[in-house]
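Visitor: I should like to take a close look at the aromatic side chains in one part of this model. Please treat the ring contacts there in a single connected account.

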Amino acid sequence: MKKSMLVLCTLMFCAIVTAQTDKVKLGVKAGLNISSLTSDESELDSSDRTGFTAGLMAEIPLAKNFAIQPEVLYSQQGMKFSYSDIDVVNSHYKSTIELNYLNIPVMLKYYVVKGLSVQAGPQIGILLKANNKYQDNFLGYENHESFNLSDYANGIDTSVNFGLGYQFKNKFYADLRYNISYSDIFKDASANTYVINSDMKNRVFQVTIGYFFK
């Protein structure tokens with residue numbers, strides 16, 4: 001984690017030092033997350049969670065066709081899944097794991113043609129919320145509960161983004177990204193074996209629209 005933070009800080013510092021400040025663009029962005037969690041657990045019937053992302057961005061020119069784009073984003077992530085116990089009649093479990101992060105990506109952009117860029121870069125995520133909302137039906141009795149997973153979660157998520165961006169002529173901006181986490185979300189799987197596994201990692205597909213003020 002310390003190495004990842006150092007890489008991010010170094011990239012941002014180099015960008016600020018080398019950038020022409022009169023060409024730096026500041027903006028806002030918002031969009032849709034389609035997220036999931038990877039795991040080796042085969043008994044779970046999982047599906048994607050749809051969430052919201054929004055925040056601030058800046059584009060800092062580095063050289064011809066190259067720029068760096070640091071961002072600060074609020075991001076709703078997680079997944080949905082269900083589980084049935086084949087040994088118990090009328091037993092069914094549905095759950096939504098809600099993971100909300102403050103994400104700080106730093107994207108290196110290369111403009112292939114005017115307006116269109118390919119992007120890649122590291123990201124640090126600071127966990128703001130980890131919760132499990134579930135509904136179970138056991139022998140015909142239905143129960144709704146919410147369980148706080150914060151004590152079992154790692155506070156920092158490290159990941160990498162890959163994507164495409166397009167700058168329109170009227171200052172509007174759009175991008176598509178795929179985020180791959182390489183750190184475990186949870187540090188302890190003992191809270192509820194149907195809910196979390198210690199090898200779970202984030203995967204997020206993201207679509208956003210932004211606007212640069214200059």
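Which residue lies over the face of F212, and at what distance from the ring centre?

Guide: The model is predicted. In it, K25 is the residue placed over the face of F212, and the distance to the ring centre is 4.6 Å.

Turning to contacts between rings, with centres within 6.5 Å as the criterion for a pair, the count is six aromatic pairs. One of them joins F172 and Y211: the ring centres are 5.0 Å apart and the planes meet at 65°, and because an angle over 60 degrees counts as edge-to-face, the pair is assigned to that class. F172 belongs to strand 8 (residues 172–181), whereas Y211 belongs to strand 9 (residues 201–212), so this contact ties together parts that are 39 residues apart in sequence.

Both partners are partly exposed: F172 has a relative accessible area of 38%, and Y211 has a relative accessibility of 27%. Y211 also pairs with F213; here the centres are separated by 5.8 Å and the planes are inclined at 75°, so this contact is edge-to-face as well. F213 itself is exposed, since its relative accessible area is 51% and the exposed class begins over 50%.

Y211 thus takes part in a pair with F172 and in a pair with F213, and the three residues F172, Y211 and F213 make up one aromatic cluster.

Conventions. Residues are numbered from 1 along each chain as its sequence is written. This is a predicted model: local features need pLDDT of at least 70, side-chain atom pairs count only at pLDDT 80 or more; totals for chains, interfaces and linings use all residues. Side-chain values use heavy atoms; hydrogens and water are left out. Rings of Phe, Tyr and Trp (its six-membered ring) pair if their centres lie within 6.5 Å; planes under 30 degrees apart count as stacked, over 60 as edge-to-face and the rest as tilted. Helices (H or I, at least four residues) and strands (E, at least two) are DSSP runs, numbered from the N terminus. Buried means under 20% relative accessible area, exposed over 50%, partly exposed in between (1.4 Å probe, protein chains only). A charge sits over a ring if NZ of Lys or CZ of Arg is within 6 Å of the ring centre and within 35 degrees of the ring normal.
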